[in-house]
Amino acid sequence: MKRLPRRDALRALAGSIGAALAPSGSAGCARRAPDGRVEASLWFAYGGNNRKVLLALVEQFHAAQDRFRIHATYQGDYFEALAKLRTSLAAHAGPTLTHVIGEVVPYLAEAGVLEPMEPFLDGAGRDSLDLVPALAQDRGFVGGDARPLVALPFNRSTPIAYYNKTLFQDLGLTPPTTWDELRLVASRATTRDGRWGFECPIDWWFWLALVGQAGGSLIGADGAPTLGGESGVRALELWQTMVHQDRSMKPPPGRDYNAWQVANTDFLSGRAAMIWTSTAFLRYLEDNAPFPVGAARLPRGVRASVPTGGTLFVMPRGRPRLEQEAAFAFLRWMMAPAQANAWATRTGYIPVSRAGIAELEASGYYRDHPSDRIALDQLACAEPWPWSPDLFRIEREAVQPRLEEAVLTGKAARAVLDEARRVAVEP
Amino acid sequence: MRPRSPLHPYLMLAPTALVFGLFFLYPLALALHHSFYAWDLLTPPTYVGLRNYRSLISSGELAGTVGRTLSYSAVVVSLSVTLGLALAVALDRPGRLYAFVRASVFSAYVVSWVAVALLWMWILDADAGLLTVVLRKLHLPTRSWLGDPDVALTTLALVSVWKITGYSMVIFLAGLQDVPRSLHEAAALDGAGPWQRFFHVTWPTLRPSAAFVGTTSLILSFQAFDVVRVMTQGGPVKATTIFVYAIYEDVFVNLRVGRASALIVVFFALLLGLTGLQLWAFRRASGARKGTA
């Protein structure tokens, strides 16, 4: 083997370090793929089946046009991806395109790190995208239509109930439509040998659904976080009662999506008769359950209510214009009826395109797949997110850890939420 | 040796000093600076004086984190040192079987933390885990080892002990080679039993090894992160939020760089204090030995 002279080796090393340190692309020069197309980076946080569907769509996009290429990179779950996004933004090395949960959009927008998207519409106006308003920025957020467009919906969801059809049939049960029925059904489906009637991640998303159903909302009319007031307490107490008194609900262990995964696994293995989780898992659960899977709307308290979930696509500021155009072209293509429907029907998310939904209706898709309709129908009672930059911190720092505390230790719901409110207003 | 130029020693030191300064002193100074600010990484920081420290104390976060970290460390250090010593003494014998057992025990130390954590999650699963199934078969009570706030930290500590005991065993095995056989034989001839021989012959020679193992496992236990990140993410109910994880959570989850920096400063002071204490104890012990010699 020919040995590299030391000086040359050092020179090569210095060169490569220099190249690595040089600001790549942020100076206004768009990245190009080897085939000459403009390349935009996409950081995504879909795992499992949803990841496969996304990557298939990206490939389809590459085949459908010859100007742009999307370099998609998996970045862990929503929260891991968000941590990476914030760090990369601080270092001016963010991706061209990524997606974030709704709760964090106001914070990022107010921090001024999101690129307004309307200029990419070539004067057509945001209505030209023909999106489902409750899922888009316009109606998904309180006053979202009055703000510059910074987020576009793609994988949007609501929580729904899944139940083991065989088991429900054997026990003569129907999916609960009220809180009282929920407790009754859960108790009847629980057995002593390790089957739980009900399982739901102790997550703020499901707690918010309960708060809404109890008649409350997260933020008061004056903009201060009320955490639902009495409704917040009643929501938390319902869980506490089912876990400690009825012993009919299993709080799945683990934090964040680990707990969601446990709930899914318990449902698939028959250890839980009914679970609440996102409509996003519809295809996954149907494909993997050894029994027919039923889906139902969440029960009513004093009213019906669900939050919306999933993520919206955002373009961080600071990338070259050409790259952003590539990213937006991809977004627009993804939001067109054909792609929006392909994504929704292969995953379980709600289609974001109005025309797309009309197509699915006309083709009889919902008649054949009634479970796909549940989340869509629930949009009628979907609660928009408040446009509060503190929303994300209220979720992650004030509420989420305390819900777990209340449910696992049985600490008084009122005291726990008082403490959460105190932390929520902490500067 | 006399340097040819008075600058030479400093030039020799420069690379190390540079790396040390760049990757240790500078970040530490930066953390100290940030600890007086409220900052979320994205918007400009605002000066808040000592508020981060005050809220760490008043919210009980500091006391809780220090308490959890110390109790985790206490279990990890005491058990890994004791078990490592016991294994070393038991396995310090010739023969293939012993060599195989020694290698098996040490292998856990070589495997990555993430793999170990995943393996134990599978064993400890509250419903279908190996341990749960076995305990149920034996009609013994079982718990949610990782989901119960009362036992989760101990569970993590025991997993860590399982992982690092092989390391302390190897250090003790090396220490055992220093014990002269003649001393053992002489003690045996004088009628000393196995326990007496251990306490009066083996243990005094092993003391430096024990100090070394104690220090390194203390450092290792304070640095624990992977096992928490993979197995419990600090939960349930903060039960396993130990120092490094608390810092991570404040920066990346709660968007509070200032508070995390304050934690870093406190963590540094705590470690400095512990190291000082250990050095002092070690010097005193060796000083006392010199005095009696």
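# Notebook: a predicted model with chains A and B

**Entry 1. One residue of chain B.** I began with B:Ala103, which has 11 C-beta neighbours inside 10 Å and so counts as exposed. The cut-off for exposed is 12 or fewer. I note here that this is a predicted model. Next I asked which helix holds B:Ala103. The residue sits in α4 of chain B, a helix that covers residues 96–110. I then took a distance to B:Leu277. Along the sequence, B:Ala103 and B:Leu277 are 174 residues apart. In space, their C-alpha atoms are 34 Å apart.

**Entry 2. Chain B as a whole.** I looked up the secondary structure of chain B and found twelve helices and two strands. Where do the strands fall in the pattern α-β-β-α-α-α-α-α-α-α-α-α-α-α? Read along the sequence, a helix leads, the two strands follow, and then the other helices run to the end. I took the box of the C-alpha atoms along the principal axes: roughly 75 × 75 × 30 Å. Chain B has 293 residues, and 31% of them are buried. I also checked contacts with a separation of 6 or more in chain B. Of these, 67% link residues 24 or more positions apart.

**Entry 3. Chain A as a whole.** I moved on to chain A, where I found 18 helices and twelve strands. Why does chain A count as being as compact as a globular protein of its length? Its radius of gyration is 23 Å, and the globule rule gives 22 Å for 427 residues; the two values are close, so chain A is as compact as a globular protein of that length. The C-alpha trace of chain A spans about 75 × 55 × 50 Å along its principal axes. I noted that 51% of the 427 residues of chain A count as buried. Among contacts in chain A with a separation of 6 or more, 74% join residues 24 or more positions apart.

**Entry 4. A sheet in chain A.** I traced an open sheet of five strands in chain A. Its order is β2-β1-β3-β11-β4, and the pairing is mixed. Which strands lie at the edges? They are β2 (68–74) and β4 of chain A, and each pairs on one side only. From one strand to the next, the twist averages 25 degrees.

I then went through pairs of strands.

- β1 (residues 38–44) and β2 of chain A run parallel and are joined by seven bridges. In this pair, A:Leu42 has A:Ala72 of β2(A) as its bridge partner.
- β3(A) and β11(A) run antiparallel, with four bridges between them. Here A:Val100 is matched with A:Leu312 of β11(A) as bridge partner.
- β4(A) and β11(A) are also antiparallel, over five bridges. A:Leu152 has its bridge partner in β11(A), namely A:Phe313.

I checked whether β11(A) is covered or open, and found it mostly covered, with six of its six residues buried. I also looked at helix α3 of chain A, residues 78–90. This helix lies across β1, β3 (97–101) and β11 of chain A. Helix α3 runs at about 125 degrees to β3(A).

**Entry 5. Two domains in chain A.** I looked up the domain assignment of chain A. Domain 1 takes in 32–157 + 309–381, and domain 2 takes in 159–305 + 390–425. The C-alpha centres of these two domains of chain A are 27 Å apart. How many residues does each domain give to the contact? Domain 1 of chain A gives 25 residues, and domain 2 of chain A gives 20 residues.

I then asked which elements supply the side of domain 1 that touches domain 2 in chain A. Those with at least two residues each are α2 (48–64), α4 (105–110), β4 (151–157), β11 (309–314), α13 (337–347) and α16 (370–378) of chain A. α16(A) gives the most to this side, with six residues. By class, this side of domain 1 of chain A holds nine nonpolar, eleven polar and five charged residues.

**Entry 6. Between the chains.** Last, I looked at the contact between chain A and chain B. Chain A gives 23 residues and chain B gives 20 residues. On the side of chain B that touches chain A, I found eleven nonpolar, seven polar and two charged residues.

How values were computed: Residues are numbered from 1 along each chain as its sequence is written. Chains are lettered from A and ligands numbered from 1 in the order in which they are written. This is a predicted model: local features need pLDDT of at least 70, side-chain atom pairs count only at pLDDT 80 or more; totals for chains, interfaces and linings use all residues. Two residues are in contact if their C-beta atoms, placed from the backbone, lie within 7 Å. Ala, Val, Leu, Ile, Met, Phe, Trp, Tyr, Cys and Pro count as nonpolar, Asp, Glu, Lys and Arg as charged, and the others, Gly among them, as polar. Domain bounds come from an automatic or database domain assignment. A residue is buried if 20 or more other C-beta atoms lie within 10 Å of its own, exposed if 12 or fewer, and partly exposed in between; C-beta atoms are placed from the backbone. Two strands pair if DSSP finds at least two bridges between them. Axes are lines fitted to C-alpha atoms, for helices over the stretch in contact, and angles run from 0 to 180 degrees between N-to-C directions. The radius of gyration is taken over C-alpha atoms; the globule rule is 2.2 Å times the number of residues to the power 0.38.
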